[in-house]
Amino acid sequence: MSNRQPALRPIIIYTIYIILFAVIQVTALRDVRILGERPDLTLVLAILTGYLFGIGDGLAIGLAVGFLRDMLAGRTIGLGMLILMYAAMLSHVLLRDFFRRKTWMGLIQVLLVTVIYEVLLMFLSWFFPMLPDQVPQLGQLFAHLIVRLPIQGLLNVAVAVPMIWLLRYHGPYDPRVLREDLDDGSTGEGKWRTI
Amino acid sequence: MSRNERSRVYLVVIVTIGLIALILLSSFPGSPLNQLTSPFSIVLEPVQKVVLNFANGVQTGAMSIFKGVQIRRENEQLLLENAKLRNEVAQLAAAGRQYDELKSALKLKDTYDRYEIIGGRLMTREIGEWFDVFRIDIGSQDGLKVTETLSYAVVDAQSRLVGRVLSTDMTSAKILPVLHEGFSVSGKLNSVNGALLRVRGDYDLKNDGYCIVDQIPMTASLHEGDVIVSSGLGGLFPAGIEIGKIIEIRNASSLLNRQAVLQPSVDLQNVSVVFVMKGQ
């Protein structure tokens, strides 16, 4: 089998998915709340890209969806890019030997990185309060987090199921090339694409 | 570490430093870096509008199926209300004519005469923690320019406070909503010589749709049901904009630390069109 992947395909597919998920997040999903929470499509996309397709893709997609996130609902420009870039990188390196990059282990990875992401945002809220005389207490923020986190985590895992299917079988790389490595549990981003 | 891995680490470090600089610089009100989003806003806006209209269409369609009977009843009720309102409009038109005559006769100063009202459509809402501002489809090309000392009040069609403009790019603006923990406005009781106080968003209350009222003077008499309006102090919000009503008073026994819970008048969940009050 040829190991050459068309260079244009990843760019087109990623562009479509990035715009699609970001726009769905802020339009169609804006009134959808399950127990007060909504799935975070752009975060899940960044995590899964880093997990499934390696650090290079994760970094680029994390930056791109982070920029859209900043543009659409961010208080500043850059924070979403920074956080989602690291979320994608984290999902690439976190427990990689244990998971061996098995496709469905991506769900566990989504859950893990969602927890880390939410904890990070909690500390950001504590370090950088918007009103200088109203610094929220860490205990108060933690109590909120404990309530929100299980629902947010489960919702993100739920949307990760169709997203894994999309990325795996209608994603940036030819599924016939990916299948060989995924089935034998190979790790290493380069290997997936060059076998 | 291989050469390839080392260059990747360098890349990540450089990107991180660049992004931290971007965050710090774009957090200043009026920062030109906020204009970075302009080209993307222009491209994304039509896509967003299509998806938004589609989502609204689906939602409306589903509602019309499931709520057909209810809608018919409501329609009958609305027809009745419409007739009453027509009558009221006729009366108000007459009252308005009288008011205009009085105004010109007594040279009353109308505060809002100094403001240009620009209507905008709400494009996006919050995504989650830290990504929690609204976005509307008017921006610097409509004359909105946010600086450290200049921003604009945002109200709904009934002149109820929605929030303030946080930043703008060419075609869009971000709105800090009244419920946000970073929002603060000087308010006063809606009565003659009403006490001044502060209304602000609160981390605990925002998910319930409430704000907190603090800095209440010891001499102020505050009751549940009292309506709070903007005081006009600070110059950002014009005086007299309705903010909300008091639904609970906390620490009522201690006059020093009194706080109150305020329910904003605006329905943030359902607001879709807002108006920016631009001072002239």
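**A working chat on chains A and B**

Tutor: The side chains of Arg75(A) and Glu181(B) meet in a salt bridge, with 3.2 Å from N to O. Please keep in mind that this is a predicted model.

Student: How many salt bridges are there between chain A and chain B?

Tutor: The count between the two chains is two.

Student: And which residues are linked with Arg75(A) in a network of salt bridges?

Tutor: The network joins Arg75(A) with Asp132(B), Glu181(B) and Lys206(B). In general, side chains of opposite charge can pair when their charged atoms come close.

Student: How many residues does each chain bring to the contact?

Tutor: Chain A gives 47 residues and chain B gives 52 residues. Between them the chains bury about 4700 Å², and carbon and sulfur atoms carry 65% of that area.

Student: Which residues of chain A lose the most area to chain B?

Tutor: They are Arg30(A), Arg75(A) and Ile77(A), which together make up 17% of what the chain A side buries. Arg75(A) thus appears here as well as in the salt bridge with Glu181(B).

Student: Okay, new topic. What is chain A built from, helices or strands?

Tutor: Chain A has nine helices and zero strands. Of its 195 residues, 58% are buried.

Student: What about its contacts along the sequence?

Tutor: Taking the contacts in chain A with a separation of 6 or more, 69% are between residues 24 or more positions apart.

Student: And how much area does chain A expose?

Tutor: Chain A exposes about 8100 Å², of which carbon and sulfur atoms supply 72%.

Student: Back to salt bridges. How many are there over all chains?

Tutor: A search of the whole structure finds 12. One of them pairs Arg69(A) with Asp40(A), at 2.7 Å from N to O. That pair links distant parts of the chain: Arg69(A) lies in helix 3 (residues 55-73), Asp40(A) lies in the loop between helix 1 and helix 2 (41-53), and they are 29 residues apart.

Student: Is Arg69(A) buried or exposed?

Tutor: Arg69(A) is buried, at 1% relative accessible area. Its partner Asp40(A) is buried too, at 5%.

Student: Which ring does the charged end of Arg69(A) sit over?

Tutor: The charged end sits over the ring of Phe131(B), 4.5 Å from the ring centre. Within chain A, Arg168(A) lies over the face of Tyr169(A), at 5.0 Å from the ring centre.

Student: What about a salt bridge in chain B? Which residue pairs with Asp214(B)?

Tutor: Asp214(B) pairs with Arg198(B), at 2.9 Å from N to O. Asp214(B) belongs to strand 8 (residues 211-214) and Arg198(B) to strand 7, so this salt bridge ties together parts 16 residues apart in sequence. Asp214(B) has a relative accessible area of 7% and is buried, and Arg198(B) is buried at 9%.

Student: And how does Glu248(B) pair up?

Tutor: Glu248(B) forms a salt bridge with Arg250(B), the closest N and O atoms being 3.7 Å apart. Arg250(B) is partly exposed at 30%, and Glu248(B) is partly exposed at 35%.

Student: Let us switch to aromatic rings. How many aromatic pairs are there?

Tutor: There are five over all chains. Among them, Tyr17(A) and Phe21(A) form a tilted pair, 5.7 Å centre to centre with 40° between the planes. Both lie in helix 1 (residues 8-26), four residues apart, about one turn of the helix. Tyr17(A) is buried at 8%, and Phe21(A) is buried at 7%.

Student: Which residues make an aromatic cluster?

Tutor: Trp126(A), Phe127(A) and Phe128(A) form one aromatic cluster. Trp126(A) is partly exposed at 31%, whereas Phe127(A) is exposed at 56%.

Student: Last one: what is unusual about the phi of Ser159(B)?

Tutor: Most residues other than glycine have a negative phi. Ser159(B) is not a glycine, yet its phi is positive, about 55°. Ser159(B) is in the loop between strand 3 (153-155) and strand 4 (161-168), and it is partly exposed at 37%. Asn193(B) also has a positive phi of about 55°; its place is the loop between strand 6 (184-189) and strand 7 (196-200). Asn193(B) is exposed, at 76%.

Notes
Residues numbered from 1 in each chain as written. Chains lettered and ligands numbered in written order. Predicted model: local features only at pLDDT ≥ 70, side-chain atom pairs only at ≥ 80, totals over all residues. Heavy atoms only, no water. Helix = DSSP H or I, 4+ residues; strand = E, 2+ residues; numbered from the N terminus. Buried < 20%, exposed > 50% of the residue type's maximum accessible area, 1.4 Å probe, protein only. Contact = heavy atoms within 4.5 Å. Areas by Shrake-Rupley, 256 points an atom, 1.4 Å probe, with all protein chains shown as cover. Phe/Tyr/Trp six-rings, centres within 6.5 Å; stacked < 30°, edge-to-face > 60°. Lys NZ or Arg CZ within 6 Å of the ring centre and 35° of its normal. Buried area = accessible area lost by both parts, 1.4 Å probe. Salt bridge = Lys/Arg side-chain N within 4 Å of Asp/Glu carboxyl O.
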